[in-house]
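Work through the exercises below with the sequence and the model at hand. Each task is followed by a solution in steps.

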Amino acid sequence: MTLTPKTLLRVSVAVALITIVLKGLAGYLTNSMGLISDAMESFVNLASAMFALAMVTIAERPADDDHPYGHHKAEYFSSGFEGILIVGAAIAILWVSIQRLLSPQPLEQLGWGLALSVLSSGFNAGLAFMLFRAARTHRSIALEADGRHLMTDVWTSAAVVVGIVGVQLSGWLWLDPLLAIGVALNIVREGVKLVWRSSQGLMDEALDPETLATVRATLDAFAARMPEGTRLRFDDMVTRSAGQRRFADLHMHVPGDWTLQHAANMRDQLEQALMDAVPGLRVTIQLLPLTMEARATQAGEHHAL
């Protein structure tokens, strides 16, 4: 059974609190800048999960007079906010790590510290797997962003553990802060990707190529199975995505001698076929005679299917 986005984000808040305690204790016991930087990122996990929970709650609100297309874009604010927080945490880690690099300090109680770090990474990895699966089911960028951030945290922790073992074997104390700097740079990369992804969603990015191919295949299949399908023509399709919802506007050209009732019935069948093929799709189809083009097409803004 797939949990709801709100339930998963509540779990994410709880896991973030647990990892803050575990990683914070690991950093305190070992005096490792790598583990301390890892613990600092867990605070970002907590803030991100809380903000994502708030945005998903808003996104679930039904459409109203002020928001006739719904509130689904709220999830993009969550993804962008998480990306900004990640970059901010990375800058803080870089600053502290450079100070430690200039003045290295010995590490302590590595056994307990590494064990706590590995345990917290196990929590994050398990939750990230659940978030990715739910993100595909619910088409939620907020869940995907949270999952990607957690997986970044997992790989970061793995690198820190390997680095600390290297410090213990080699005695090179400068390796610990250097590793923390590498962790910070990796976090910046992930944060920038999240901010970019959210900005594209806020700017009404077109549907992904796979979904567009499904829409086009559905149009072709619909025309092929209709007795009068050869007399239909589709063009000027415009698509966009908004959180969990997807939208498509297109023109359906029909013979001019058809009755309005017959053409409307055909359009209703096509809309249902498209919504069945692409869950969460909202379709708007404008009826036009075969001999007429829309003004946008006449002005040179034609979008062929």
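**Exercise 1. Compare the end-to-end span of helix H1 with the span expected for its number of residues.**

Solution. The model is a predicted one.
Step 1: helix H1 covers residues 5-30, which is 26 residues.
Step 2: at 1.5 Å a residue, H1 should span 38 Å.
Step 3: the end C-alpha atoms of H1 are 36 Å apart, so the span agrees with the expected value.
Step 4: look just past the end of the helix, where asparagine 31 takes a positive phi of about 60 degrees.

**Exercise 2. Do the same for helix H5 and inspect the residue just after H5.**

Solution.
Step 1: H5 runs over residues 141-170 and has 30 residues.
Step 2: from its first C-alpha to its last, H5 reaches 43 Å, close to the 44 Å expected at 1.5 Å a residue.
Step 3: the residue just after H5 is glycine 171, with a positive phi of about 80 degrees.

**Exercise 3. Describe how H1 and H5 pack, and state which residues meet.**

Solution. Two packed helices are described by the angle between their axes and by the distance between those axes.
Step 1: the axes of H1 and H5 come within 11 Å and cross at roughly 25 degrees.
Step 2: angles under 35 degrees count as roughly parallel, and therefore H1 is roughly parallel to H5.
Step 3: the crossing of H1 and H5 is left-handed.
Step 4: on the H1 side the residues are Pro5, Leu8, Leu9, Ser12 and Lys23, and they meet Leu143, Asp146, Leu150, Asp153 and Ser157 of H5.
Step 5: sorted by class, this contact of H1 with H5 has 5 nonpolar, 2 polar and 3 charged residues.

**Exercise 4. Describe the packing of H7 and H8 in the same terms.**

Solution.
Step 1: H7 spans residues 209-225 and H8 spans residues 260-277.
Step 2: their axes come within 10 Å and cross at roughly 140 degrees, which makes H7 oblique to H8.
Step 3: the crossing in which H7 passes H8 is right-handed.
Step 4: H7 contributes Thr214, Val215, Thr218, Leu219, Phe222 and Arg225 to the contact, while H8 contributes Met266, Gln269, Leu270, Ala273, Leu274 and Ala277.
Step 5: by class, the contact of H7 with H8 holds 8 nonpolar, 3 polar and 1 charged residues.

**Exercise 5. Is leucine 270 buried or exposed, and which residues does leucine 270 touch?**

Solution.
Step 1: leucine 270 is found in helix H8.
Step 2: the relative accessibility of leucine 270 is 0%, so leucine 270 counts as buried.
Step 3: not counting residues up to four places away in sequence, leucine 270 touches Leu219, Phe222, Phe234, Met252 and Ile285.
Step 4: take one of these partners, methionine 252. Methionine 252 is 18 residues from leucine 270 along the chain, and their C-alpha atoms are separated by 9.6 Å.

**Exercise 6. How far apart are leucine 94 and isoleucine 181 in sequence and in space?**

Solution.
Step 1: leucine 94 lies in helix H3, residues 74-102.
Step 2: leucine 94 and isoleucine 181 are 87 residues apart in sequence and 5.5 Å apart in space, C-alpha to C-alpha.
Step 3: leaving aside neighbours within four places in sequence, leucine 94 is in contact with Ile181 and Ala184.

**Exercise 7. Summarise the protein chain by its elements, burial and contacts.**

Solution.
Step 1: the protein chain has 9 helices and 3 strands.
Step 2: from the N terminus on, the order is α-α-α-α-α-α-α-β-β-α-β-α.
Step 3: of the 305 residues in the protein chain, 47% are buried.
Step 4: among contacts with a separation of 6 or more, 76% come from residues 24 or more positions apart.

Note on methods
Residues numbered from 1 in each chain as written. Predicted model: local features only at pLDDT ≥ 70, side-chain atom pairs only at ≥ 80, totals over all residues. Heavy atoms only, no water. Axes fitted to C-alpha atoms, helices over the stretch in contact; angles between N-to-C directions. Helix = DSSP H or I, 4+ residues; strand = E, 2+ residues; numbered from the N terminus. Parallel < 35°, antiparallel > 145°, perpendicular 65-115°, else oblique. Left-handed = near helix turned anticlockwise from the far one by under 90°. Contact = heavy atoms within 4.5 Å. Nonpolar A, V, L, I, M, F, W, Y, C, P; charged D, E, K, R; others polar. Expected span 1.5 Å × (residues − 1). Buried < 20%, exposed > 50% of the residue type's maximum accessible area, 1.4 Å probe, protein only.
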